[in-house]
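Me: Got a minute to walk through a structure with me? I'd like to get a feel for the fold before I go back to the bench.

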Amino acid sequence: MIVFRKIDKKEENQAVQLVLALPSEVQLGYFYWPPDKLLSEFEVAESYGAFVADELKAFVLWRNNADVAEIMCLATGKDSQRSGLMAQLLNSAISVAHCMEWVLEVHESNLAAQALYRKLNFECVGLRKDYYRDGGNALIFKRKT
Ligand SMILES: CC(C)(COP(=O)(O)OP(=O)(O)OC[C@H]1O[C@@H](n2cnc3c(N)ncnc32)[C@H](O)[C@@H]1OP(=O)(O)O)[C@@H](O)C(=O)NCCC(=O)NCCS
């Protein structure tokens, strides 16, 4: 059974391990979240995870600024991808957070994430040029709740 809930402090390392197990080209490319950066983000962000028997399978971190939730980081473990998990997790997070608007940036080459956001009714509303370490542009997506 999948349980969607907040991630406890003692479970944050499971998110680190989940990210470290993603393919290295993902981690060095459009998804740069080394352990220290991810753990720092946990300090300031809200978190929600998908757990199976207390094992973290997917997570999302967002910052809540004046009723606008900015998604900072999300990932599904490599063995759990493409089973609808992130779509369910994100919908759960959106329903518990009670924010008026959700916003995020995604690398222009991250087509899987863009397809996910479009499926969940996010709209692409802008572009930030040269936003990422590799010089890639960021697409800005938004969704009203
Ligand atoms: C992007 C990511 C979070 C998707 O998680 P997921 O749990 O596999 O996504 P879901 O199974 O819920 O997919 C929901 C929808 O997203 C889209 N999608 C997900 N993975 C996709 C892929 N590899 N290719 C194309 N579309 C994809 C599809 O529209 C899918 O619906 P469908 O299966 O009915 O076609 C996952 O690939 C991941 O962790 N990637 C590495 C980290 C990352 O890129 N994070 C986002 C940074 S902005």
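What follows is a chat about the sheet, the helices, the ligand shell and a few single residues.

Me: Before we start, is this predicted or experimental?

Reply: Predicted: the model is a prediction.

Me: OK. What's the strand order in the sheet, and is the sheet open or closed?

Reply: The sheet is open and has seven strands, in the order E1-E2-E3-E4-E5-E7-E6, with mixed pairing. Strand E1 (2–5) and strand E6 (123–128) are the edge strands, each pairing on one side only. On average, neighbouring strands are turned by 25° against each other, direction ignored.

Me: How do E1 and E2 pair?

Reply: E1 and E2 run antiparallel and are joined by four bridges. If you want a spot to look at, Ile-2 stands opposite Val-52 in E2.

Me: And E2 with E3?

Reply: Antiparallel too, over seven bridges. Phe-51 has Leu-56 in E3 as its bridge partner.

Me: What sits between the strands in the hairpin of E2 and E3?

Reply: Two residues lie between the strands there, and Ala-53 in that hairpin has a positive phi near 50°. Asp-54, in the loop between E2 and E3, has a positive phi as well, near 65°, and is not a glycine.

Me: Why bring up the sign of phi?

Reply: Because most residues other than glycine have a negative phi.

Me: Is Asp-54 buried or exposed, and why?

Reply: Asp-54 is exposed, because just 9 other C-beta atoms lie within 10 Å, and 12 or fewer counts as exposed.

Me: Where else do I find a positive phi outside glycine?

Reply: Asn-121 has one, at about 70°. Asn-121 lies in the loop between H5 and E6, and it counts as exposed because it has 11 C-beta neighbours inside 10 Å.

Me: Back to the sheet. How do E5 and E7 pair?

Reply: Strand E5 (residues 101–107) and strand E7 (residues 138–144) pair in the antiparallel sense, over seven bridges. Glu-105 stands opposite Ile-140 in E7.

Me: Which helices pack on the sheet?

Reply: Helix H1 (residues 12–20) is one of them: H1 touches strand E3 (55–65) and E4, and its direction makes about 105° with that of E3. H4 packs on the sheet too, touching E1, strand E2 (46–52), E3, E4 and E5, at about 40° to the direction of E3.

Me: How do H1 and H3 meet?

Reply: The axes of H1 and helix H3 (residues 35–44) come within 10 Å and cross at roughly 145°. The crossing is right-handed. H1 brings Glu-12, Ala-15, Val-16 and Val-19 to the contact, and H3 brings Pro-35, Leu-38, Leu-39 and Phe-42.

Me: What's the chemistry of that contact?

Reply: Seven nonpolar residues, no polar ones and one charged.

Me: New topic: the ligand. Which residues come nearest?

Reply: There are 21 residues around the ligand, and Thr-76, Gln-81, Met-86, Ala-112 and Leu-116 come nearest.

Me: Which elements do the shell residues come from?

Reply: Strand E4 (68–76), helix H4 (85–97) and helix H5 (111–119) each supply at least two. H5 gives the largest share of the shell, five residues.

Me: And by class?

Reply: The shell has 14 nonpolar, five polar and two charged residues.

Me: I've got my eye on Cys-99. Where is it?

Reply: Cys-99 is in the loop between H4 and E5.

Me: Buried or exposed?

Reply: Cys-99 is buried, because 20 other C-beta atoms lie within 10 Å, and 20 or more is the cut-off for buried.

Me: What does Cys-99 touch?

Reply: Leaving aside neighbours within four places in sequence, Cys-99 is in contact with Asn-64, Asp-67, Val-68, Ala-69 and Thr-145.

Me: Tell me about Asp-67, then.

Reply: Asp-67 lies in the loop between E3 and E4. Asp-67 is exposed, since it has 11 other C-beta atoms within 10 Å. Again leaving aside neighbours within four places in sequence, Asp-67 is in contact with Cys-99 and Met-100.

Me: How far is Asp-67 from Asp-134?

Reply: Their C-alpha atoms are separated by 32 Å, and the two are 67 residues apart along the chain.

Me: And Cys-99 from Glu-43?

Reply: 20 Å, C-alpha to C-alpha, with their positions 56 residues apart in sequence.

Technical notes: Residues numbered from 1 in each chain as written. Predicted model: local features only at pLDDT ≥ 70, side-chain atom pairs only at ≥ 80, totals over all residues. Near = placed C-beta within 6 Å. Nonpolar A, V, L, I, M, F, W, Y, C, P; charged D, E, K, R; others polar. Pairing = 2+ DSSP bridges. Axes fitted to C-alpha atoms, helices over the stretch in contact; angles between N-to-C directions. Contact = placed C-beta atoms within 7 Å. Left-handed = near helix turned anticlockwise from the far one by under 90°.
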